Amino acid sequence: SIYFWRYPLLVLGEIRRVLKPGGWLILTVLPKDLWNLDDPDSAGTPDCTPYSGGELKTMLTKVGFADLTIASDPRREFPANFSVIACR
């Protein structure tokens with residue numbers, strides 16, 4: 001649901017705050033570059049913002065998460081199997 005968060009940094013910061021130390025957050029998304037294969041720059045709407053793995057890692061780092069990893073399913077038929085993993 002991160003696509004629809006009006007203030008994702010605030011929400012991610014709150015998630016980090018309530019996680020126990022050593023707790024994990026896993027965000028599974030369809031990466032931005034797979035939203036519209038014909039025109040990747042046109043992905044999203046004013047109410048729906050897709051993100052790349054790098055963008056998610058940057059946001060998670062800004063709010064204090066560590067040990068960030070991007071994991072994706074190597075099978076192209078499962079493009080939504082893309083996760084950014086972070087530790088409190």
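Analyst: A strand is a DSSP run of E covering at least two residues, and strands are numbered from the N terminus. S83 has its place in one of them, strand β3. The model is a predicted one.

User: Why is S83 called buried?

Analyst: Buried requires a relative accessible area under 20%. S83 has 13%, so it counts as buried.

User: Which residues does S83 touch, leaving aside those up to four places away in sequence?

Analyst: S83 touches I26, L27 and T28, and also T69, I70 and A71. The side chains of S83 and T28 make a polar contact at 2.8 Å. The cut-off for a polar contact is 3.5 Å between N or O atoms, and 2.8 Å is within it.

User: What makes the side chains of strand β1 alternate?

Analyst: Strand β1 spans residues 24-29, and its side chains point to two faces in turn. L25, L27 and V29 point to one face and are buried. W24, I26 and T28 point to the other face and are not buried.

User: How do you know that β1 and β3 pair?

Analyst: Two strands pair if DSSP finds at least two bridges between them. Six bridges join β1 to β3 (residues 82-87), so the condition is met. The two strands run antiparallel. In β3, A86 is the bridge partner of L25, and F82 is that of V29.

User: What is the order of the strands in the sheet, and which of them stand at the edges?

Analyst: The three strands form an open sheet in the order β1-β3-β2, with antiparallel pairing. β1 and β2 (66-72) are at the edges: each has a single partner strand, so one side of each is left without a neighbour in the sheet. On average, neighbouring strands of this sheet are turned by 15 degrees against each other, direction ignored.

User: How do you know that E14 and R17 meet in a salt bridge?

Analyst: The limit is 4 Å between a side-chain nitrogen of Lys or Arg and a carboxyl oxygen of Asp or Glu. The N to O distance for E14 and R17 is 2.7 Å, so the pair qualifies. They are three residues apart in helix α1 (residues 8-18) and are therefore separated by about one helical turn.

User: Why is R17 called exposed?

Analyst: Exposed means over 50%. R17 has a relative accessible area of 55%, so it is exposed. E14, at 37%, counts as partly exposed.

User: How many salt bridges does the structure hold?

Analyst: The structure holds two salt bridges. One of them joins K32 and E55, whose closest N and O atoms are 3.0 Å apart. This pair links distant parts of the chain: K32 is in the loop between β1 and α2 (53-62), E55 is in helix α2, and they are 23 residues apart.

User: Why do K32 and E55 count as partly exposed?

Analyst: Partly exposed lies between the 20% and 50% cut-offs. K32 is at 28%, so it belongs there. E55 is at 30% and therefore belongs there as well.

User: What are the buried residues of α2, and where do they fall around its axis?

Analyst: The buried residues of α2 are G53, L56, M59 and L60. Seen down the axis of α2, they fall within an arc of 130 degrees, so they line one face of the helix. What covers them includes α1, β1, β2 and β3. G64 follows α2 and has a positive phi, near 105 degrees.

Notes. Residues are numbered from 1 along each chain as its sequence is written. This is a predicted model: local features need pLDDT of at least 70, side-chain atom pairs count only at pLDDT 80 or more; totals for chains, interfaces and linings use all residues. Side-chain values use heavy atoms; hydrogens and water are left out. Buried means under 20% relative accessible area, exposed over 50%, partly exposed in between (1.4 Å probe, protein chains only). Helices (H or I, at least four residues) and strands (E, at least two) are DSSP runs, numbered from the N terminus. Axes are lines fitted to C-alpha atoms, for helices over the stretch in contact, and angles run from 0 to 180 degrees between N-to-C directions. A polar contact is a pair of N or O atoms within 3.5 Å; within protein, one must be able to donate a hydrogen and the other to accept it, and residues adjacent in sequence count only if both atoms are side-chain atoms. Contact means heavy atoms within 4.5 Å. The arc is that of the directions from the helix axis to the C-beta atoms.
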